[in-house]
Structures are given as structure tokens and as C-alpha cells.
Amino acid sequence: MKALSLLIVLWSSFSFASEPVGYYNQGALIDGECLQESGEGYVQLLRDVGHIYGTSEMINMLKETAADMQRRYPGRDRLEIEDIAAKNGGDIDPHGSHENGLDVDIQYFKANNVEERSYAPSMVENGRASENFDVERNWELMKSLHRHGSVQMIFMDTVLKNKLIDYARSKGEYNSHLRVINSFHYVPNHDDHLHVRLNCPASARRCHSTTIRKGGAE
Ligand SMILES: [Zn+2]
């Protein structure tokens, strides 16, 4: 009997393991995990379109990062999570990537604590970071994402990227966090949200930690 229950546990853990397949911008997601509408320190937005599935590594990173941030900054705005991927992955509007459960869009933390519950306003005003860009918490967010996930790249606006790098320098954390800083990439249209891309998990043999040439790699 014991052997049978062990077998069942093993079988279920294997059969429900998510698997990202293919490329970030041409791929699929098998047995993706669904992110709940809200949990400790986060709220998942835009649920009507259903882009709420990710690999287990993705879902774990989001939950752990959100909980970590809430414990360190209680009572502030929660992590507002936008699109991850569709149930079985594949092409989704308006994204070039987000196809295999390893890409996610997240809103920046806001100094005014207002949870938008929809798309956020731009964090760049007249070529400078808005007063509403909470630089301390956003820097801590980047570090936390790296602690809880195998982050490959974070796409953001160049003004916000420079703001975070200047802040890291002012805190004496630039050299000690080069891996975090080197993951920052400027991609246009990321002034109201950041985009986090994870590496393929080692077990995902059919996953490629790259994009293929077809335009719209983000
Ligand atoms: Zn994105």
C-alpha cells in the first residue's frame, strides 16, 4: 500500500510538472501553472484575457518575490502582475514573446501606493523618472526577482534603468550586484511596466533560452 501511494505521489508530481517548449517568441507551454488572482503581496490583473499561466518556476518566483516585498514593506502597494502566457502558451496579443511561460510583465512599485488595477501611468515624465517611481522599492524588487528566479533579462525604459543604476551606486551596491544590473535591457514601451524573462529550467530539454528571428522578440 505504501509503495502504491509513493507511486501515485511520484506520478502526479511528474505529470503536473510544467514544461516550457521552444523559444520565447515561438513556443508553447505544457501543463502551465495558473497564478491566482491575488495572494500575499500581489494582485494579478487583466484576467479576462487569461494570460495567467506560467512555468512553476515563474509562478514560484512571482509569489516568493511578492511575499518578500510585502514583508519588508508592509502596507504598501502590492506587486501588480500583468500578462504571463496563455494556458497552452503560443502567440498572444499584443506581445512578440510571452509564448512559453517564461516571460512576465509587472508594474513598477509606486510612491503614491495607488494600485491601478489596470495599465499603470507612465513612470517617465519629460525624459525623467516620475516622482511616483519608487526607486528604493523597485531596486529591491529587481534584487528579489533574481533571488527567487533564474532571471535572464529584465526589460525596462532607459530612464528608469539609469535611475536604478544610479541608486545602486549611491547605496554602494553596484559592484556587488552586477548580475542584477547586467540583466537590465532597454526596450521601448517599458515606461509603465517591466518585463522579466527567465532562463529555461535545466529539466526542460525542449526549451531554448533565446529568441528566433521573426521580429517582436519582447
Ligand atoms: Zn512583456
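These exercises cover helix packing and a few loop residues in the structure above.

The model is predicted: local features need pLDDT of at least 70, side-chain atom pairs count only at pLDDT 80 or more, and totals for chains, interfaces and linings use all residues. Residues are numbered from 1 along each chain as its sequence is written, and side-chain values use heavy atoms, with hydrogens and water left out.

**Exercise 1. Describe the span and burial of helix 3.**

Step 1. Helices (H or I, at least four residues) and strands (E, at least two) are DSSP runs, numbered from the N terminus. Helix 3 covers residues 135-148.

Step 2. Helix 3 has 14 residues and reaches 20 Å from first C-alpha to last. The expected span is 1.5 Å times one less than the number of residues. For helix 3 that expectation is 20 Å, and the span is close to it.

Step 3. Buried means under 20% relative accessible area, exposed over 50%, partly exposed in between (1.4 Å probe, protein chains only). In helix 3, 11 of the 14 residues are buried. Among them are V135, W139, L141, M142 and L145. Charged residues R137, E140 and K143 are also on the buried list.

**Exercise 2. Classify the packing of helix 2 and helix 3.**

Step 1. Axes are lines fitted to C-alpha atoms, for helices over the stretch in contact, and angles run from 0 to 180 degrees between N-to-C directions. Helix 2 (residues 56-72) packs on helix 3 at about 140°, with the axes 9 Å apart.

Step 2. Angles under 35 degrees count as roughly parallel, over 145 as roughly antiparallel, 65 to 115 as roughly perpendicular and the rest as oblique. Helix 2 and helix 3 are therefore oblique to each other.

Step 3. Contact means heavy atoms within 4.5 Å. Helix 2 contributes M61, E64, T65, D68, M69 and R72. Helix 3 contributes R137, E140, L141, S144, L145, R147 and H148.

Step 4. By class, this contact has 4 nonpolar, 3 polar and 6 charged residues. Ala, Val, Leu, Ile, Met, Phe, Trp, Tyr, Cys and Pro count as nonpolar, Asp, Glu, Lys and Arg as charged, and the others, Gly among them, as polar.

**Exercise 3. Classify the packing of helix 3 and helix 4.**

Step 1. Helix 4 spans residues 158-170, and its axis is 10 Å from that of helix 3, at an angle of about 90°. That makes helix 3 roughly perpendicular to helix 4.

Step 2. V135, E136, N138, W139 and M142 in helix 3 meet K163, L164, Y167 and A168 in helix 4. These residues divide into 6 nonpolar, 1 polar and 2 charged.

**Exercise 4. Are E99 and G90 buried or exposed, and what do they touch?**

Step 1. E99 lies in the loop between strand 7 (79-81) and strand 8 (103-106). G90 is placed between strand 7 and strand 8 too.

Step 2. E99 has 4% relative accessibility, so it counts as buried. G90 is buried at 15%.

Step 3. Leaving aside neighbours within four places in sequence, G90 contacts G27, A28, H98 and E99. On the same basis, the contacts of E99 include Y23, G27, A28, G90 and K214.

**Exercise 5. Where is L35, and is it buried or exposed?**

Step 1. L35 sits in the loop between strand 3 (33-34) and strand 4 (38-39).

Step 2. Its relative accessibility is 0%, so L35 counts as buried.

Step 3. Residues up to four places away aside, L35 touches residues including Y42, I52, I59, L62 and I81.
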